[in-house]
Amino acid sequence: MELLEPEILLQMLINGLLAGALYALLAGGLNLIFGVMRVINIAHAEFMLIGAFGAYVLFNVFGLHPLFSLLIIVPIIFVVGYYFQRVLIERVVDRPMLTSLLATYGVSIILINVGLLIFSSDFKSVPVLQGSFLIGDLAVSKPRAVAGLVSLVLSVGVYLFLDRTRLGKAVRAVSEHAQVAQICGIDVRQIRMLTFGMAAAMAGAAGVMLSIIYSFWPGSGVDFIQKCFAIIIIGGMGNFVGALYGGILLGVVESFVGGFISTQWAEAVAYLLLVTVLLVRPTGLKGVARA
Amino acid sequence: MKSRFSLSFLLSILLFLFASPALTQNNEIHVGTSVALTGKYARTGQEQLQGFQMWVEEVNERGGLLGKKVHLIHYDDESKPETGAKLYEKLITDDKVQLLIGPYSSDVTLAASTIAEKHNFPMVSSGASSSEIWARGYKNIFGLYTLADLYMDQIIELGKSKGLKKIALVYENTAFPRGVAEGVKRKAKELGMQIVFEEEYGKASTDFSSMIIKIKAKKADMVIGGSYLPDSTGFMRQAKEARLYAKIFAFAVGPGLPDFGHNLGLDAEGVMGNTQWEPTLKLPGAKEFAEKYKVRHGHEPGYHAGGGYGAGHVLEAAVKKAGSTDRDKVRAALFALDTVNAFGRFKVDATGKQIGKPAYAVQWLGGERHIVLPEEAATAKVFYPFKDWNKR
């Protein structure tokens, strides 16, 4: 069978890793929010699309390459996310889960419809970095390679921030136990704002990367957010590193299932993985059981 | 006294409110439709609606239907069959429309036509071409489009004449793309060509890279897609990224639309597809419609807009022939009709299936799409073979 030739397997692996890195960046932010404030942000994929449409506008109005617009969009979305947390999310933290679910679901609907008003339902794309790098018989898509690498760098950056800096430690402390963190003198509210801003910025960056790979429209978020839910459960709810593992795992498995079975099956993989992980390790790959 | 006055005032307003629908229905004919304004088929659905709206305007300028003003009621079915079915139920039972136009896409039409059939309500279908729709023995669904089965015939014949043998076939897992795929398989068998790769994908698929790797391994001469706009665009983009090469690339729907060229730029060059209609066809009123449409919407109409406009004309011709909007009379008129309008010939067989309209193949050449087959309608010569990615 020609599919078992090494270069084809390698090709699938690379495609999967690159797609997985993008998933990881998106799901990482979602999980960070959940970890720190126990809020599932249903509007997360819409923040991603703000990034994508931002890149689209900057490209079409100023001719700005998405890699440069990353430098503009990411800080803006960070600030938006930072204050958005203060204005809306802070009010639903510590409320029953359903309250925050409904609130963010509402935000998602509003954002989608504002998007439809401004951009209509046409599919948009940013035609840069087309074609591929050829390494022998291997063709690595330029936009995917760039998007995958940028996503990876950003995710690792956020990881190092969380792991190495004082502020990052504070974020982890709040995630672990908000009250104890408060007693230790950490400004928990500030940390929550910071976390949400950071997560929104990550989603925005993922959106800019998405804009160079796929066509998108204001309703594109649904497919991504569903996969993200699966990823964070696979990786472990609230665990940032877990989401990275989960994202990459999903990307790779999707690619191989698409190759060996069919693309239709690849779309169901997220949920099959989800069920498998829940059966074998209910807390997810990196999760810990919580009371 | 004062309160009595306000009460009677209120009552009269209420009376007016209740009476008004009946009043307007007497001098207006209500036509109902649902089209995709959001979701995957949004782009094409919108065009269909815009074309139809232009017919509504024009028919009202001409003095309306049977001397009555035509009023359009339309909803957004979100590209979902189940929503479409609900909306047609609402149009028929709640809005009590007198005439029906079908939705866009074969799968939404499959669902909507079941509702129309249940109410025994004739429906002119503009945006559907899967033969499955007419294989159910229904008596109320009348197609405008050339059938999906025939979409790729000319292109496969072209491949055969160039000595090609291996076809890779990919298609979405819904009614119309499957219809196209059935047609491809039938034609390939007829001509003794081989389908070396076949795979379905979901409606939400955006990533075709795994499929492309496999097609590459099979070394297909022709890649044919039973697709819509977003998937055909995505596929070509990823085909370039993965350096997938074939002598002919052909897709349903996508390449027939201006957006295909906008989104892909130079990469659209040489890609073939189908069209139900082009403004360049020599049909009565086609040119005028295209010019007017372009002024209004800022771009050339694709065939979906033409179809919407044509559906209006078919409905008009049928109602005129029937002399009323009575369902039975309109149905009989639609079965008997043989007419040519700006969209082409309309003639159906005993199942309501379109048999009068030919298929056209298009190709992107020099940043424009041209009809290349059949020769009598062609505006340019076929460019063959597809230029390899590294020679562009």
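In this predicted model, strand β1 of chain A, which covers residues 132-135, is joined to β2(A) by 4 bridges, and the two strands run antiparallel. Within this pairing, A:Leu134 stands opposite A:Ala139 of β2(A). The two strands form a hairpin with 2 residues between them, and A:Gly136, which sits in the turn, has a positive phi of about 60 degrees. As a general point, side chains in a regular strand alternate between the two faces of the sheet.

**Contact between the chains**

Strand β2 of chain A also takes part in the contact with chain B, to which chain A gives 31 residues and chain B gives 32 residues. On the side of chain A that touches chain B, the elements that give two or more residues are α1 (6-37), β2 (138-141), α10 (240-260) and α11 (263-280). Of these, α1(A) gives the most, with 5 residues. Sorted by class, this side of chain A has 16 polar residues, 10 nonpolar residues and 5 charged residues.

**Backbone features of chain B**

Chain B holds two residues other than glycine with a positive phi, B:Leu66 and B:Ser79, and two cis peptide bonds, one before B:Pro374 and one before B:Pro385. The table lists the angles.

| Residue or bond | Angle |
|---|---|
| B:Leu66 | phi near 50 degrees |
| B:Ser79 | phi about 65 degrees |
| B:Leu373 to B:Pro374 | omega near -10 degrees |
| B:Tyr384 to B:Pro385 | omega near -10 degrees |

The residues with positive phi lie in loops on either side of β2 of chain B: B:Leu66 is in the loop between α2 (42-61) and β2 (69-76), whereas B:Ser79 is found in the loop between β2 and α3 (81-93). Are these residues buried or exposed, or in between? B:Leu66 has 13 other C-beta atoms within 10 Å and is therefore classed as partly exposed, since a residue counts as exposed at 12 or fewer and as buried at 20 or more. B:Ser79, by contrast, has 26 C-beta neighbours inside 10 Å, so that B:Ser79 counts as buried.

Turning to the cis bonds, B:Pro374 follows B:Leu373 through a cis peptide bond and is found in the segment after β14 (368-373) of chain B. B:Pro385, which follows B:Tyr384 through a cis peptide bond, likewise has its place in the segment after β14 of chain B.

Terms used:
Residues are numbered from 1 along each chain as its sequence is written. Chains are lettered from A and ligands numbered from 1 in the order in which they are written. This is a predicted model: local features need pLDDT of at least 70, side-chain atom pairs count only at pLDDT 80 or more; totals for chains, interfaces and linings use all residues. Two residues are in contact if their C-beta atoms, placed from the backbone, lie within 7 Å. Ala, Val, Leu, Ile, Met, Phe, Trp, Tyr, Cys and Pro count as nonpolar, Asp, Glu, Lys and Arg as charged, and the others, Gly among them, as polar. Two strands pair if DSSP finds at least two bridges between them.
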